[in-house]
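Here are a few notes to read alongside the model, for anyone opening it for the first time. Have the viewer ready and follow the points in order.

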Amino acid sequence: MTKPHILQVGPYPEWDQVPLDAAFHMHRYFEAPDKASFLAEIGPQIRGIATRGELGANVAMIGACPQLEVISVYGVGYDAVDLAACRERGIRVTNTPDVLTNDVADLGVAMMLVQSRGMIGAETWVRDGSWAAKGLYALQRRVWGKRAGVLGLGRIGFEVAKRLAGFDLEIAYSDVGPKDYAKGWEFIADPVALAARSDFLFVTLAASAATRHIVGAKVIEALGPEGMLINISRASNIDEEALLAALETGKLGSAALDVFEGEPKLNPRFLALSNVLLQPHHASGTYETRQAMGKLVRDNLMAHFAGQPLLTPVA
Ligand code: 8YV
């Protein structure tokens, strides 16, 4: 069998690249100096796209590949893939759910703890000699026993809430409706009301056009000067302008963010703030999870080209 031609949108670790190169003709889009002419040249032979959650596949890329059959996303989020264009042409789309859920939830909860207890500043306090020179580090805010809101009680939101329950936080959540697996956690339909009763608000929604800026000025201000916003989903779920303004003026207490508009270049206003914890979109970034994600990307491609059912289809 001739190897199918695959457009590879971004780099993968060596342990994924080697088996991908063995099974397919991989065409490295990210290495091409002139993307448009690269697409024009290799697009006609492309039958699959291998991409990453944050890179996706846009309409121009899909349009440049008339033989395209399948897009395999390394990530649970597929909001950067133009699904409408895929549906129109019957192009299948797969993602990597489940295998990353626990790591993403772990990082979200870790971010809350680190930010609330001021651990980044405390580390500096030790390293730069301030402890010895100036004495005790400033007191910080308690986590246990407080109220957490989870916006989006899907797989990741559920695991976040489970972990928070272990810290004796009082949990409420918003979603399109109450979930039968959310025993003991209060359902609050309105995100503004959820924020108003929460000390910590976790954003764990799958991003879509419908959720764009669902966390806007009203939600942010309801969370308030003592509140903390934690985002481990997508930047588009939050109105970043409203978030920056609230952090700068103290209308919001603090934020812990793993995702940003235009990442990896983020708005420099974030860098000037002392009340934010900034992470480089690495909630799924462990060896164990990334290996499982890479295998799923490959297994979906293999299944498709072997005429087998896809393992984790989204379309
Ligand atoms: C990855 C992600 O960081 O799962 C997602 O949707 O955004 C992340 O897990 C990313 O896809 C890796 O490049």
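In which helix is Ile156 found? The points below start there, and please keep in mind that this is a predicted model.

1. Ile156 sits in helix 8, which covers residues 155–166. Its relative accessibility is 16%, and because buried means under 20%, Ile156 counts as buried.

2. What does Ile156 touch, once residues up to four places away in sequence are set aside? The list is Val76, Leu100, Thr101, Val104, Ala105, Thr204 and Ile232. Keep Val76 in mind, since that residue comes back when we get to the ligand: Val76 is among the closest residues there.

3. For a sense of distance, try Ala245. Ile156 and Ala245 are 89 residues apart along the chain, and 28 Å separates their C-alpha atoms.

4. Stay on helix 8 for Glu159, which has its place there too. Is Glu159 buried or exposed? Glu159 has a relative accessible area of 13%, so this residue is buried.

5. The side chain of Glu159 has a polar partner: the side chain of Lys162, at 3.0 Å in a polar contact. Leaving out neighbours within four places in sequence, Glu159 is in contact with Thr101, Asn102 and Ala105. Thr101 and Ala105 also appear in the list for Ile156.

6. Now for the ligand. How many residues surround the ligand? There are 13, and the closest are Tyr74, Val76, Gly77, Arg234 and His281. By type, this shell splits into four nonpolar, five polar and four charged residues.

7. Zoom in on the oxygen atoms of the ligand. One ligand oxygen is 2.7 Å from a polar backbone atom of Tyr74, and a ligand oxygen is 2.8 Å from a polar backbone atom of Gly77. With Arg52 the partner is in the side chain instead: an N or O atom there is 2.9 Å from an oxygen atom of the ligand. As for cover, the ligand has 330 Å² of accessible area on its own, and the protein covers 93% of that.

8. Last, the annotation. An unreviewed UniProt entry lists residues 109–283 as "domain: D-isomer specific 2-hydroxyacid dehydrogenase NAD-binding". Over residues 109–283, the chain in this model is 33% helix and 15% strand. The end C-alpha atoms of that stretch are 11 Å apart.

Notes:
Residues are numbered from 1 along each chain as its sequence is written. This is a predicted model: local features need pLDDT of at least 70, side-chain atom pairs count only at pLDDT 80 or more; totals for chains, interfaces and linings use all residues. Side-chain values use heavy atoms; hydrogens and water are left out. A residue is near a molecule or strand if one of its heavy atoms lies within 4 Å of it. A polar contact is a pair of N or O atoms within 3.5 Å; within protein, one must be able to donate a hydrogen and the other to accept it, and residues adjacent in sequence count only if both atoms are side-chain atoms. Accessible areas come from the Shrake-Rupley method with a 1.4 Å probe; for residues, only the protein chains shown count as cover. Ala, Val, Leu, Ile, Met, Phe, Trp, Tyr, Cys and Pro count as nonpolar, Asp, Glu, Lys and Arg as charged, and the others, Gly among them, as polar. Helices (H or I, at least four residues) and strands (E, at least two) are DSSP runs, numbered from the N terminus. Buried means under 20% relative accessible area, exposed over 50%, partly exposed in between (1.4 Å probe, protein chains only). Contact means heavy atoms within 4.5 Å. UniProt positions are given in the numbering used here, feature names are shortened, and annotations may be inferred rather than shown by experiment.
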